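Please look over the aromatic pairs and nonpolar cores of the model shown here.

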Amino acid sequence: MRVGDLAPDFTLLDQYGAERTLSTLLASGALALFFYPAAMTSGCTKESCAFRDLGAQFEALGAQRVGISMDSVQRQSQFTQKNQLDYPLLADVGGHVARQFGVKRSLDLLKVKRSTFVIDKERRVVDVISSEINMDAHAQRALESLRALYSARN
């Protein structure tokens with residue numbers, strides 16, 4: 001998935017067992033969709049908490065944050081509760097959506113490449129952020145991309 005591509009629509013269960021569809025999520029504004037390898041691990045916790053801590057800035061732009069991993073609904077729920085996450089975490093248990101976005105690893109040990117896709121209301125990918133090392137870069141860069149997107153349209 002590259003900048004300018006149309007993000008595939010998909011439906012997955014969130015941490016509460018509710019169905020979430022990308023096109024429905026986008027009805028209220030752009031979003032940062034971030035793929036992370038595994039809930040309850042140190043790097044993924046740091047990244048997820050960075051998205052949590054910047055929540056007010058995303059909301060000020062009318063944008064959402066959505067996390068996605070190959071963890072189960074139950075594991076996503078535990079991760080949410082433990083870290084007081086205030087946004088949807090989607091369970092892509094079989095890795096189907098990760099494959100569609102091109103972030104599924106061939107070995108299931110690490111599962112997915114840590115990647116964030118900034119997606120506008122029309123499902124267009126406006127930025128792709130990839131960093132396996134800097135966990136804070138994803139939320140910060142997603143915000144910068146969203147600011148640029150909104151300033152270009154206003």
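The briefing below covers aromatic pairs first and nonpolar cores second. This is a predicted model, in which local features need pLDDT of at least 70 and side-chain atom pairs count only at pLDDT 80 or more, while totals for chains, interfaces and linings use all residues. Residues are numbered from 1 along each chain as its sequence is written, and side-chain values use heavy atoms, with hydrogens and water left out.

**Aromatic pairs**

- Rings of Phe, Tyr and Trp (its six-membered ring) pair if their centres lie within 6.5 Å, with planes under 30 degrees apart counted as stacked, over 60 as edge-to-face and the rest as tilted; by this rule there are nine aromatic pairs.
- The ring centres of Phe35 and Phe101 are 5.4 Å apart and their planes stand at 50°, so this pair is tilted.
- Phe35 lies in strand β3 (residues 31-35) and Phe101 in the loop between α5 (96-100) and β6 (115-119), 66 residues apart, where helices (H or I, at least four residues) and strands (E, at least two) are DSSP runs numbered from the N terminus.
- Phe35 and Phe101 are both buried, meaning under 20% relative accessible area with a 1.4 Å probe and protein chains only.
- Phe51 and Phe58 form a tilted pair, 5.8 Å centre to centre with 35° between the planes.

**Nonpolar cores**

- The largest nonpolar core (buried Ala, Val, Leu, Ile, Met, Phe, Trp, Tyr and Cys residues joined through side-chain atoms within 4.5 Å) has 22 residues, and Phe51 and Phe58 are among those with the most contacts inside it.
- α6 (137-153) is one of the elements that each supply at least two residues of this core, and α6 gives the most, with five residues.
- Apart from this core lies another, of 21 residues, including Phe101.

Methods
Buried means under 20% relative accessible area, exposed over 50%, partly exposed in between (1.4 Å probe, protein chains only).
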